[in-house]
Amino acid sequence: MKFQTILLFGAPGSGKGTQGKVLGALPGFFHCSCGEVFRSLKMDSPLGRVFVEYSSRGELVPDEPTIELWRQFITNCRKSGQYDPANDMLVLDGIPRNLRQAELLQDSLDVRAVIYLTCADPEKLVQRLQRRALKENRLDDANLDTIRRRLETYERESRPVLDFYGRDLLHEVDATQRPIDVLRDVVEIVRQL
Ligand code: ADP
């Protein structure tokens, strides 16, 4: 079975998590943030250690363990009744994050829309990530070098995923608006699906 899916896409700091959480609070939607799934691991478990190693360098965790972890997470959420694929739209944030992951997930996802949160000014993203570092205790936001490497990783590895899904599914939203205005645009897209 393929999961009906909306992909939230955009650079680190573009607000995928903020928008995903709001959508996921509505009946009929289930939000899954891959970064949060990683952060919920015990940091002294084997995969937790791999996550700390890669994320603190601003790099992506290798694809196979990432997809495996994601599949386990979804299976557990289905078993516990939090996610019901027959009725819920899956709102994915942070996955797939490169072409290989998009290919590996091809048999599991029926992607209905890619909502691309755009930001023309990378310095704005840097500022947002630095602000987040103060509020949430995140290793990968902790210093400027790591933040810049994350933005480079995004440009090099993640952005090509947009072409993978193609123009017909793509919806752009200006992520530099106030979060409430971003939400208005996102809701309008989702409403029409
Ligand atoms: P952000 O989008 O702000 O970078 P996330 O919470 O989505 O934050 O991700 C934090 C880190 O977790 C990433 O920098 C990466 O190391 C790891 N990560 C998250 N999702 C994936 C993924 N799909 N594939 C590989 N690594 C991932």
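Helices (H or I, at least four residues) and strands (E, at least two) are DSSP runs, numbered from the N terminus. The model is predicted, so that local features need pLDDT of at least 70 and side-chain atom pairs count only at pLDDT 80 or more, while totals for chains, interfaces and linings use all residues. Residues are numbered from 1 along each chain as its sequence is written, and side-chain values use heavy atoms, with hydrogens and water left out.

**Exercise 1.** Determine which helix gives the most residues to the shell around the ligand, and describe that shell by class.

*Solution.* Start with the residues that are near the ligand (one heavy atom within 4 Å of it): 21 residues surround it, and the closest are Arg 39, Glu 59, Gly 94, Gln 101 and Arg 132. Next, assign them to elements: α2 gives the most, with four residues. Finally, sort by class, with Ala, Val, Leu, Ile, Met, Phe, Trp, Tyr, Cys and Pro as nonpolar, Asp, Glu, Lys and Arg as charged, and the others, Gly among them, as polar; the shell then has seven nonpolar, six polar and eight charged residues.

**Exercise 2.** List polar contacts of the ligand (pairs of N or O atoms within 3.5 Å) and state how much of the ligand the protein buries.

*Solution.* An N or O atom in the side chain of Arg 39 is 2.9 Å from a ligand oxygen atom, whereas Glu 59 uses a backbone N or O atom, at 2.6 Å from an oxygen atom of the ligand. A polar side-chain atom of Arg 97 also lies 2.9 Å from a ligand oxygen. For the area (Shrake-Rupley method, 1.4 Å probe), the ligand taken alone exposes 540 Å², of which the protein buries 97%.

**Exercise 3.** Identify the peptide bond between Ile 95 and Pro 96 as cis or trans, and locate Pro 96 in the chain.

*Solution.* As background, most peptide bonds are trans. Here omega is about -5 degrees, and the bond that joins Ile 95 and Pro 96 is cis. Pro 96 itself lies in the loop between β3 and α5 (99–105).

Notes. Polar contact = N/O pair within 3.5 Å; in protein donor to acceptor, adjacent residues only side chain to side chain.
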